[in-house]
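Subject: Structure handover

Hello,

Here is the structure for you to look over. Please open it alongside this message.

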Amino acid sequence: MATLDILTYPDERLKTACEPVDQFDPALREFIEHLQETCSGGPGAVGIAAPQVGELRRICIVDATRAKRPVENHGPLVLINPEITAWDGFAVGREGCLSVPDYTGKVIRAERIELKAQDPFGKPLSFSMKGFEARIAQHEVDHLDGILFLDRLVSRHADLQLRKK
């Protein structure tokens with residue numbers, strides 16, 4: 001496995017909507033292994049999306065098992081062509097991003113979501129997520145639509161902070 005280079009803001013590829021995956025082949029699974037390795041090497045990373053490494057396809061990883069405090073989760077997830085089909089409630093939470101390494105910000109997200117996706121072999125998946133895992137999934141799906149957490153801040157002046165070192 002290889003660790004991939006992570007694009008950082010303001011790289012324009014991070015603002016590009018991704019294409020759906022239609023080939024579930026060994027090359028896809030090899031790329032996913034590299035993406036997982038890259039995610040696991042990120043400081044405090046609980047997710048990553050393919051466009052963050054310059055691959056403009058709808059692939060992301062959500063891993064709430066790596067949260068600082070234990071949270072309800074479905075284990076490490078590889079999501080291909082994820083789609084949020086329902087959401088409920090709203091909560092404000094602080095987010096960071098491997099592609100915006102020096103800042104964190106408060107973002108409003110749904111508390112609960114329903115998500116459909118495919119696994120690396122094309123098998124359909126569906127999840128009901130809540131809390132931190134739902135927040136991670138929404139953050140990563142945003143990447144696939146060319147949206148960064150910076151775009152979701154209520155106020156850049158009040159909600160964006162330099163990351164604590």
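Below is what was found in it, from the overall fold down to single residues.

Please keep in mind that this is a predicted model.

Overall fold

The protein chain has 4 helices and 8 strands. Along the sequence, the elements follow the pattern α-β-β-β-β-β-β-β-α-α-α-β. A compact globule of 165 residues would have a radius of gyration near 15 Å, and the protein chain agrees, with 15 Å. Along the principal axes, the C-alpha atoms fill a box of roughly 45 × 30 × 30 Å.

Of the 165 residues, 44% are buried. The accessible surface of the protein chain is about 8,800 Å². Carbon and sulfur atoms account for 51% of that surface. Take the contacts between residues at least 6 apart in sequence: 67% of them join residues at least 24 apart.

The cores

The largest nonpolar core holds 19 residues. Which of them touch the most other members? They are Leu79, Ile113, Leu115 and Met129. Five elements are worth locating in your viewer, as each gives two or more residues to this core: β2 (59-62), β3 (77-88), β6 (112-118), β7 (124-130) and α2 (131-144). The largest share comes from α2, with 5 residues.

There is also a second, separate core. This one has 15 residues, including Ile32, Leu35, Ile48 and Val53.

Back to the largest core, and to Ile113. Leave aside the neighbours of Ile113 within four places in sequence. Ile113 is then in contact with Ile84, Ala86, Trp87, Phe127, Ser128, Met129, Ala134, Ala137 and Gln138.

Trp87

Trp87 deserves its own entry. This tryptophan is found in strand β3. Is Trp87 buried or exposed? Trp87 has a relative accessible area of 55%, and exposed means over 50%, so Trp87 counts as exposed. Not counting residues up to four places away in sequence, Trp87 touches Ala110, Arg112 and Ile113. Trp87 and Leu115 are 28 residues apart in sequence. In space they are 9.0 Å apart, C-alpha to C-alpha.

The three-stranded sheet

Next, an open sheet of 3 strands. The order is β4-β5-β8, and the pairing is antiparallel. β4 and β8 stand at the edges, each with a single partner strand, so one side of each has no neighbour in the sheet. From one strand to the next, the twist averages 25°.

Here are the pairings one at a time. Strand β4 covers residues 91-97 and strand β5 covers residues 100-109. They pair in the antiparallel sense over 6 bridges. Together β4 and β5 form a hairpin, with 2 residues between them. To find the register, look for Glu95, which stands opposite Gly105 in β5.

β5 also pairs with strand β8, residues 160-162. How many bridges join β5 to β8? There are 3, and the two strands run antiparallel. Here the marker is Thr104, which stands opposite Gln161 in β8.

One helix belongs in this part of the picture too. α2 lies across β4 and β5 and runs at about 55° to β4. Recall that α2 also gives the largest share of the largest core.

Best wishes

Conventions
Residues are numbered from 1 along each chain as its sequence is written. This is a predicted model: local features need pLDDT of at least 70, side-chain atom pairs count only at pLDDT 80 or more; totals for chains, interfaces and linings use all residues. Side-chain values use heavy atoms; hydrogens and water are left out. A nonpolar core is a set of buried Ala, Val, Leu, Ile, Met, Phe, Trp, Tyr and Cys residues joined through side-chain atoms within 4.5 Å. Buried means under 20% relative accessible area, exposed over 50%, partly exposed in between (1.4 Å probe, protein chains only). Contact means heavy atoms within 4.5 Å. Two strands pair if DSSP finds at least two bridges between them. Axes are lines fitted to C-alpha atoms, for helices over the stretch in contact, and angles run from 0 to 180 degrees between N-to-C directions. The radius of gyration is taken over C-alpha atoms; the globule rule is 2.2 Å times the number of residues to the power 0.38. Accessible areas come from the Shrake-Rupley method with a 1.4 Å probe; for residues, only the protein chains shown count as cover.
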